[in-house]
Amino acid sequence: QYSPECVAGADGEIDPTEITLPGCSCGSSSCVAPECPCLWRGDSSSGQCLRGTELQGGSAPVFECSALCRCSDSCRNRLVQGGLRLRLQVFQSRGKGWGVRTLEAIPRGSFVCEYAGEVLGVAEARRRILAQTPEDSNYILALREHLHDGRVLETFVDPTHIGNVGRFLNHSCEPNLVMVPVRVHSMVPRLALFAATDISAGEELCYDYSGRFLNSPGTSREHKPLEEKNRPRKPCYCGSRTCASFLPWDSSLFSTA
């Protein structure tokens, strides 16, 4: 089932469509910092969020104006919620199954699409992972946001049965997209993919499944063994100069503890 945005998972534990963030009272057509309360909370999704955190040691959270805000729909701080606006094509890639390519040039910093699906609680995400066979494709994405006080916020999104074009994006060890968590109407982040470089028409779109790209070292929970739960790791066919030979693998959801 196609859905342009995330929906509540079958466990019903988290509803990403619930509006919980307060709106701004900006009367202008486009909000600006520091006047807008939405922009007080962190960064905007206008492209500033793409700066490399390996140089900054961290990045501010990204908030957009919400349905409760008084600013207009044309506000510059309403980017991700506007949805997909580029011409993308799902195609059969060579050796990697389905993939996504762009039919038009995309400048660096542009919003491309979301990774949308069911938002799950950790128990349901683990149940689905453990129910998979070695032949099944795993679409469950675990997003971990590391806070300054040491806490880690986890969000699990599964587009296996309900999702959008983002589920067909392949991994690359040298990607042209970067994933940024963006909060729009609630504290449940939307997994927004931005162009990390200028992308030419016809180029395949990829991101780093491990989360290493543009992130500080040590924030990924990727494991390095040659087997995942007594089965061989899946090879990576990205073809980049820095290819790690295997697709990233996070074993935390495979634990029954």
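**Buried residues and aromatic pairs**

Valine 80 has a relative accessibility of 0% and therefore counts as buried in this structure, which is a predicted model. Valine 80 belongs to the loop between β2 (62-63) and β3 (88-93), and its C-alpha atom is separated by 8.3 Å from that of arginine 190, although the two residues are 110 residues apart along the chain.

Arginine 190 appears again beside glutamate 114, since the side chains of these two residues make a polar contact at 2.7 Å. Glutamate 114 is placed in strand β5 (residues 111-114) and, because its relative accessibility is 4%, it counts as buried. When neighbours within four places in sequence are left aside, the residues in contact with glutamate 114 include Val80, Asn164, Arg190 and Leu193.

Turning to the aromatic rings, the count comes to 3 aromatic pairs. In one pair, the ring centres of tyrosine 115 and tyrosine 207 are 6.3 Å apart and the planes stand at 65 degrees, so the arrangement is edge-to-face, planes over 60 degrees apart being counted that way. Because tyrosine 115 lies in the loop between β5 and β6 (118-120) and tyrosine 207 in strand β12 (residues 206-207), this pair ties together parts that are 92 residues apart in sequence. Tyrosine 207 also pairs with tyrosine 209, with centres 5.1 Å apart and planes at 55 degrees, so this pair is tilted. Tyr115, Tyr207 and Tyr209 form one aromatic cluster, in which tyrosine 115 and tyrosine 207 are both buried, whereas tyrosine 209, with a relative accessible area of 35%, is partly exposed.

Charged groups also meet rings: the charged end of arginine 101 sits over the ring of phenylalanine 91, 4.2 Å from its centre, and arginine 167 lies over the face of tyrosine 139, at 4.2 Å from the ring centre.

Terms used
Residues are numbered from 1 along each chain as its sequence is written. This is a predicted model: local features need pLDDT of at least 70, side-chain atom pairs count only at pLDDT 80 or more; totals for chains, interfaces and linings use all residues. Side-chain values use heavy atoms; hydrogens and water are left out. Helices (H or I, at least four residues) and strands (E, at least two) are DSSP runs, numbered from the N terminus. Buried means under 20% relative accessible area, exposed over 50%, partly exposed in between (1.4 Å probe, protein chains only). A polar contact is a pair of N or O atoms within 3.5 Å; within protein, one must be able to donate a hydrogen and the other to accept it, and residues adjacent in sequence count only if both atoms are side-chain atoms. Contact means heavy atoms within 4.5 Å. Rings of Phe, Tyr and Trp (its six-membered ring) pair if their centres lie within 6.5 Å; planes under 30 degrees apart count as stacked, over 60 as edge-to-face and the rest as tilted. A charge sits over a ring if NZ of Lys or CZ of Arg is within 6 Å of the ring centre and within 35 degrees of the ring normal.
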